[in-house]
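Work through these exercises with the sequence and the model side by side. Try each task before you read its solution.

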Amino acid sequence: MAMRVFVIEISGKGGLIHYDYHMCRALQRAGLDVSLVTSTNYELDNLPHEFNLVKLLHLWDPRAKKPASRFLRLAVRAVHGIKYISQWFRLIIFLVRKRPDIVILGEIRYQYRLSDYREKPSSPRASRFSCH
């Protein structure tokens, strides 16, 4: 049975998703069972995927135009913050259910999230987390 690797890239757009796409292809070709977990705003749909693609995260387009009003920008930022946290919980539940052998995180945007990645000694099978 091949080792199950889940690559997480919360933003489906930009340079990191291109990097992760090619990393997933290389890992799949090396014989691993690879899944790329990303946003529903995934920009590489037109490319062939030899690995599993999971468009799980319902986040906003990071390249969208910002509102002109300062008040609206703050309101949008607050909504994005709530949405971001809810999607992290959704991702954690997904990973607990799928139980991958390795999880590779593309980016951790906020330092307070690092405490979520500690190994729990009581877990039957510990996962290693890597951020590239």
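**Exercise 1.** Which residues does Leu91 touch, not counting residues up to four places away in sequence?

*Solution.* Note first that this is a predicted model. Leave out the sequence neighbours, up to four places away. What remains is Ile8, Val37, Leu56 and Leu57.

Next, place Leu91 in its setting. Leu91 belongs to the largest nonpolar core, which has 14 residues. Ile8, Val37, Leu91, Phe94 and Leu95 touch the most other members. The elements that give two or more residues to this core are β1 (4-9), β3 (52-57), α2 (70-98) and β4 (102-105). Helix α2 supplies the largest share, 5 residues. Another core lies apart from this one; it has 12 residues, among them Ile17, Cys24, Tyr42 and Phe51.

The general background: nonpolar side chains in soluble globular proteins tend to be buried together.

**Exercise 2.** Find how many aromatic pairs the whole structure holds, then classify the pair Phe6 and Phe94.

*Solution.* The search finds 3 aromatic pairs. Take the rings of Phe6 and Phe94. Their centres are 6.0 Å apart. Their planes meet at 50°. That angle is neither under 30 degrees nor over 60, so the pair is tilted.

Now locate the partners. Phe6 sits in strand β1 and Phe94 in helix α2, so the pair ties together parts that are 88 residues apart in sequence. Check burial against the cut-off of under 20%. Phe6 has 4% relative accessibility, so Phe6 counts as buried. Phe94 has 15%, so Phe94 counts as buried too.

**Exercise 3.** Classify the pair Tyr84 and Trp88, and say where its members lie.

*Solution.* The ring centres of Tyr84 and Trp88 are 6.2 Å apart. Their planes are at 70°, so this pair is edge-to-face. Tyr84 and Trp88 both lie in helix α2, 4 residues apart, which is about one turn of the helix. Both are buried.

A general rule helps here: an α-helix has 3.6 residues a turn, so residues three or four places apart point the same way.

**Exercise 4.** Test the length of helix α1 (residues 15-29), then describe its buried residues.

*Solution.* Helix α1 has 15 residues. The rise is 1.5 Å a residue, so the expected span is 21 Å. The end C-alpha atoms of α1 are 22 Å apart, which agrees.

Then list the buried residues of α1: Ile17, Asp20, Tyr21, Met23 and Cys24. The buried residues of α1 pack against β1, β2 (33-39) and β4. Finally, look just after α1: Gly31 takes a positive phi of about 100°.

Methods
Residues are numbered from 1 along each chain as its sequence is written. This is a predicted model: local features need pLDDT of at least 70, side-chain atom pairs count only at pLDDT 80 or more; totals for chains, interfaces and linings use all residues. Side-chain values use heavy atoms; hydrogens and water are left out. A nonpolar core is a set of buried Ala, Val, Leu, Ile, Met, Phe, Trp, Tyr and Cys residues joined through side-chain atoms within 4.5 Å. Buried means under 20% relative accessible area, exposed over 50%, partly exposed in between (1.4 Å probe, protein chains only). Contact means heavy atoms within 4.5 Å. Rings of Phe, Tyr and Trp (its six-membered ring) pair if their centres lie within 6.5 Å; planes under 30 degrees apart count as stacked, over 60 as edge-to-face and the rest as tilted. The expected span of a helix is 1.5 Å times one less than its number of residues.
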